[in-house]
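Trainee: Hey, have you got a minute to go through a structure with me? I'd like to start with what a contact is.

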Amino acid sequence: MGITSEKLSASKLEEISRRKYTGDGIGYLTSDPYYGFLMNLTKELKPDLVVELGTASGNGAAHFAQGGAKKVVSIDILNTQEARDRCKRFPNIELWKGNTNSPSMKSKVKKLGKIDILFIDTEHTSEQAWKEYEYYSQFANYVLYDDIILNEMRDFWDRVPEPKLELNHLHTSGFGISW
Ligand SMILES: C[S@@+](CC[C@H](N)C(=O)[O-])C[C@H]1O[C@@H](n2cnc3c(N)ncnc32)[C@H](O)[C@@H]1O
(Lines give C-alpha, C1' and ligand atoms only; values in the text may rest on other atoms or scores of the structure.)
Protein backbone atom coordinates (compact mmCIF):
# COMPACT_ATOMS: atom_id res chain seq x y z
CA MET A 1 0.00 0.00 0.00
CA GLY A 2 1.13 3.56 -0.49
CA ILE A 3 1.20 6.03 2.34
CA THR A 4 -1.13 8.27 0.34
CA SER A 5 -3.75 5.53 -0.24
CA GLU A 6 -7.24 6.44 0.74
CA LYS A 7 -7.85 5.62 4.39
CA LEU A 8 -10.35 3.00 5.48
CA SER A 9 -13.49 4.32 7.11
CA ALA A 10 -14.15 3.92 10.82
CA SER A 11 -16.96 1.49 10.04
CA LYS A 12 -14.66 -0.64 7.87
CA LEU A 13 -12.02 -0.71 10.63
CA GLU A 14 -14.70 -1.71 13.13
CA GLU A 15 -15.84 -4.49 10.79
CA ILE A 16 -12.26 -5.78 10.40
CA SER A 17 -11.90 -5.81 14.18
CA ARG A 18 -14.95 -8.09 14.46
CA ARG A 19 -13.72 -10.66 11.93
CA LYS A 20 -13.25 -14.17 13.15
CA TYR A 21 -9.70 -15.05 14.08
CA THR A 22 -8.62 -18.62 13.69
CA GLY A 23 -4.91 -18.32 14.40
CA ASP A 24 -4.25 -19.58 10.90
CA GLY A 25 -0.62 -19.97 10.08
CA ILE A 26 0.69 -18.88 13.47
CA GLY A 27 0.21 -22.31 14.92
CA TYR A 28 -1.43 -21.25 18.16
CA LEU A 29 -4.26 -19.07 19.37
CA THR A 30 -3.53 -16.32 21.85
CA SER A 31 -6.05 -15.31 24.45
CA ASP A 32 -6.09 -11.68 23.32
CA PRO A 33 -8.31 -11.02 20.31
CA TYR A 34 -6.24 -7.99 19.34
CA TYR A 35 -3.74 -10.32 17.71
CA GLY A 36 -6.43 -11.36 15.25
CA PHE A 37 -6.96 -7.69 14.43
CA LEU A 38 -3.23 -7.20 13.78
CA MET A 39 -3.37 -10.05 11.27
CA ASN A 40 -6.69 -9.13 9.67
CA LEU A 41 -5.81 -5.45 9.34
CA THR A 42 -2.51 -6.43 7.73
CA LYS A 43 -4.30 -8.70 5.27
CA GLU A 44 -6.57 -5.80 4.37
CA LEU A 45 -3.92 -3.07 4.05
CA LYS A 46 -1.08 -5.15 2.56
CA PRO A 47 1.52 -2.88 4.15
CA ASP A 48 5.08 -2.54 2.92
CA LEU A 49 6.29 -1.61 6.37
CA VAL A 50 5.02 -2.23 9.90
CA VAL A 51 6.94 -0.87 12.90
CA GLU A 52 6.11 -2.28 16.33
CA LEU A 53 7.39 -0.52 19.46
CA GLY A 54 7.66 -3.31 22.06
CA THR A 55 8.31 -6.87 20.87
CA ALA A 56 8.04 -8.86 24.14
CA SER A 57 7.71 -12.49 23.06
CA GLY A 58 7.13 -11.69 19.39
CA ASN A 59 3.41 -12.41 19.20
CA GLY A 60 2.50 -9.08 17.62
CA ALA A 61 5.35 -9.24 15.10
CA ALA A 62 4.40 -12.80 14.13
CA HIS A 63 0.80 -11.80 13.45
CA PHE A 64 1.79 -8.83 11.28
CA ALA A 65 4.23 -11.06 9.43
CA GLN A 66 1.71 -13.84 8.92
CA GLY A 67 -0.81 -11.29 7.67
CA GLY A 68 1.55 -10.57 4.78
CA ALA A 69 3.40 -7.37 5.70
CA LYS A 70 6.42 -7.05 3.41
CA LYS A 71 8.61 -5.98 6.30
CA VAL A 72 8.03 -5.88 10.06
CA VAL A 73 10.53 -4.05 12.27
CA SER A 74 9.92 -4.80 15.94
CA ILE A 75 11.87 -2.90 18.59
CA ASP A 76 12.50 -3.77 22.23
CA ILE A 77 15.09 -3.00 24.90
CA LEU A 78 15.25 -6.78 25.35
CA ASN A 79 15.92 -9.33 22.65
CA THR A 80 14.65 -12.56 24.13
CA GLN A 81 15.24 -16.10 22.96
CA GLU A 82 11.48 -16.59 22.98
CA ALA A 83 10.98 -13.70 20.52
CA ARG A 84 13.82 -14.91 18.31
CA ASP A 85 12.41 -18.44 18.27
CA ARG A 86 8.90 -17.27 17.47
CA CYS A 87 9.98 -14.89 14.72
CA LYS A 88 12.68 -16.92 12.99
CA ARG A 89 10.27 -18.63 10.61
CA PHE A 90 9.27 -15.23 9.24
CA PRO A 91 11.95 -13.78 6.96
CA ASN A 92 9.96 -10.53 6.83
CA ILE A 93 10.59 -9.76 10.54
CA GLU A 94 13.58 -7.77 11.79
CA LEU A 95 14.05 -7.64 15.57
CA TRP A 96 15.86 -4.47 16.59
CA LYS A 97 17.26 -4.23 20.10
CA GLY A 98 17.19 -0.74 21.60
CA ASN A 99 15.32 1.96 23.45
CA THR A 100 12.60 3.79 21.53
CA ASN A 101 13.59 6.98 23.37
CA SER A 102 17.18 6.96 22.16
CA PRO A 103 18.24 9.39 19.43
CA SER A 104 20.04 6.61 17.56
CA MET A 105 16.89 4.45 17.42
CA LYS A 106 14.85 7.44 16.32
CA SER A 107 17.19 8.20 13.46
CA LYS A 108 17.34 4.53 12.43
CA VAL A 109 13.56 4.39 12.19
CA LYS A 110 13.41 7.71 10.34
CA LYS A 111 15.67 6.23 7.67
CA LEU A 112 13.05 3.52 6.99
CA GLY A 113 10.80 6.17 5.43
CA LYS A 114 7.04 5.96 5.54
CA ILE A 115 5.48 3.49 7.94
CA ASP A 116 2.16 1.98 6.88
CA ILE A 117 1.25 0.66 10.34
CA LEU A 118 2.88 1.77 13.60
CA PHE A 119 2.04 -0.15 16.78
CA ILE A 120 2.77 1.70 20.06
CA ASP A 121 3.05 -0.92 22.81
CA THR A 122 5.99 -0.40 25.21
CA GLU A 123 5.69 1.06 28.69
CA HIS A 124 2.09 1.97 29.33
CA THR A 125 2.47 5.33 30.93
CA SER A 126 0.96 8.43 29.50
CA GLU A 127 4.37 10.12 29.30
CA GLN A 128 6.10 7.29 27.44
CA ALA A 129 3.22 6.72 25.03
CA TRP A 130 3.11 10.44 24.25
CA LYS A 131 6.86 10.59 23.57
CA GLU A 132 6.56 7.70 21.15
CA TYR A 133 3.43 9.06 19.56
CA GLU A 134 4.97 12.53 19.06
CA TYR A 135 8.06 11.26 17.32
CA TYR A 136 7.11 8.07 15.48
CA SER A 137 3.58 8.84 14.37
CA GLN A 138 4.83 11.61 12.06
CA PHE A 139 6.01 8.85 9.69
CA ALA A 140 2.93 6.66 10.03
CA ASN A 141 -0.26 6.17 8.09
CA TYR A 142 -2.18 4.17 10.73
CA VAL A 143 -1.22 4.02 14.41
CA LEU A 144 -2.33 1.20 16.73
CA TYR A 145 -2.28 1.53 20.51
CA ASP A 146 -2.57 -1.15 23.14
CA ASP A 147 -3.90 -0.64 26.68
CA ILE A 148 -5.54 2.74 26.12
CA ILE A 149 -7.84 2.39 29.13
CA LEU A 150 -5.18 1.05 31.48
CA ASN A 151 -4.58 3.45 34.38
CA GLU A 152 -3.34 6.84 33.18
CA MET A 153 -3.23 5.77 29.52
CA ARG A 154 -6.69 7.27 29.09
CA ASP A 155 -5.11 10.76 29.47
CA PHE A 156 -2.73 9.95 26.65
CA TRP A 157 -5.42 8.52 24.39
CA ASP A 158 -7.68 11.54 24.91
CA ARG A 159 -4.86 13.80 23.67
CA VAL A 160 -4.39 12.00 20.32
CA PRO A 161 -5.76 14.58 17.89
CA GLU A 162 -6.25 12.49 14.73
CA PRO A 163 -9.43 10.64 13.80
CA LYS A 164 -9.45 7.62 16.09
CA LEU A 165 -11.48 4.65 17.14
CA GLU A 166 -11.64 2.67 20.35
CA LEU A 167 -11.81 -1.08 19.80
CA ASN A 168 -11.98 -2.11 23.42
CA HIS A 169 -13.66 -5.43 22.64
CA LEU A 170 -10.17 -6.51 21.46
CA HIS A 171 -8.48 -6.22 24.84
CA THR A 172 -9.72 -5.86 28.40
CA SER A 173 -7.24 -3.01 28.94
CA GLY A 174 -8.28 -1.33 25.71
CA PHE A 175 -7.10 -1.01 22.14
CA GLY A 176 -7.18 1.94 19.74
CA ILE A 177 -6.36 3.00 16.22
CA SER A 178 -5.84 6.45 14.70
CA TRP A 179 -5.31 7.54 11.10
C1 LIG B 1 3.43 -5.10 26.28
S2 LIG B 1 4.98 -5.66 25.77
C3 LIG B 1 4.86 -5.73 24.01
C4 LIG B 1 3.88 -6.74 23.49
C5 LIG B 1 3.88 -6.95 21.98
N6 LIG B 1 3.72 -5.70 21.28
C7 LIG B 1 2.76 -7.88 21.56
O8 LIG B 1 1.66 -7.43 21.26
O9 LIG B 1 2.96 -9.11 21.53
C10 LIG B 1 6.02 -4.31 26.11
C11 LIG B 1 7.48 -4.45 25.73
O12 LIG B 1 8.04 -3.13 25.63
C13 LIG B 1 9.39 -3.18 26.00
N14 LIG B 1 9.82 -1.81 26.34
C15 LIG B 1 9.47 -1.06 27.44
N16 LIG B 1 10.01 0.17 27.36
C17 LIG B 1 10.71 0.21 26.19
C18 LIG B 1 11.48 1.21 25.54
N19 LIG B 1 11.64 2.45 26.08
N20 LIG B 1 12.05 0.92 24.36
C21 LIG B 1 11.90 -0.31 23.79
N22 LIG B 1 11.18 -1.29 24.36
C23 LIG B 1 10.59 -1.04 25.54
C24 LIG B 1 9.44 -4.18 27.15
O25 LIG B 1 10.74 -4.74 27.26
C26 LIG B 1 8.36 -5.19 26.74
O27 LIG B 1 8.93 -6.34 26.13
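Mentor: Sure. Two residues are in contact if their C-beta atoms, placed from the backbone, lie within 7 Å. Keep in mind that this is a predicted model.

Trainee: Okay, so which residues is Asn99 in contact with, leaving aside its neighbours within four places in sequence?

Mentor: Ile77 and Met105. Asn99 itself sits in the loop that joins strand 3 (93–97) and helix 5 (103–110).

Trainee: And how far is Asn99 from Gly54 in space?

Mentor: Their C-alpha atoms are 9.4 Å apart, though 45 residues separate Asn99 and Gly54 in sequence.

Trainee: How does Asn99 count in terms of burial?

Mentor: Asn99 counts as partly exposed, because it has 13 C-beta neighbours inside 10 Å.

Trainee: Let's zoom out. How many helices and strands does the protein chain have?

Mentor: Seven helices and seven strands. Going from the N terminus, the order is α-α-β-α-β-α-β-α-β-α-β-α-β-β. The chain is as compact as a globular protein of 179 residues, because its radius of gyration is 15 Å, close to the 16 Å from the globule rule.

Trainee: What share of the residues count as buried?

Mentor: 40% of the 179. And among contacts with a separation of 6 or more, 59% come from residues 24 or more positions apart.

Trainee: New topic: helix 2 and helix 3. At what angle do their axes cross?

Mentor: Roughly 30°, and the axes of helix 2 (residues 34–45) and helix 3 (residues 59–66) come within 7 Å. Angles under 35 degrees count as roughly parallel, so helix 2 and helix 3 are roughly parallel to each other. The crossing is right-handed.

Trainee: Which residues meet there?

Mentor: From helix 2, Tyr35, Leu38, Met39 and Thr42; from helix 3, Asn59, Gly60, His63, Phe64 and Gln66. Four of the residues in that contact are nonpolar, five are polar and none is charged.

Trainee: Last thing, the loop between strand 5 and helix 7. What is phi of Asp147?

Mentor: Near 65°, so a positive value in a residue that isn't glycine. Most residues other than glycine have a negative phi. Asn151 has a positive phi as well, near 45°. Asp147 lies in the loop between strand 5 (140–146) and helix 7 (153–159), and Asn151 is found in the loop between strand 5 and helix 7 too.

Trainee: Is Asp147 buried or exposed?

Mentor: Buried, because Asp147 has 21 C-beta neighbours inside 10 Å.

Trainee: And Asn151, buried or exposed?

Mentor: Exposed, because Asn151 has 11 other C-beta atoms within 10 Å.

Terms used:
Residues numbered from 1 in each chain as written. Predicted model: local features only at pLDDT ≥ 70, side-chain atom pairs only at ≥ 80, totals over all residues. Helix = DSSP H or I, 4+ residues; strand = E, 2+ residues; numbered from the N terminus. Rg over C-alpha atoms; globule rule 2.2 N^0.38 Å. Buried ≥ 20, exposed ≤ 12 C-beta atoms within 10 Å, placed from the backbone. Axes fitted to C-alpha atoms, helices over the stretch in contact; angles between N-to-C directions. Parallel < 35°, antiparallel > 145°, perpendicular 65-115°, else oblique. Left-handed = near helix turned anticlockwise from the far one by under 90°. Nonpolar A, V, L, I, M, F, W, Y, C, P; charged D, E, K, R; others polar.
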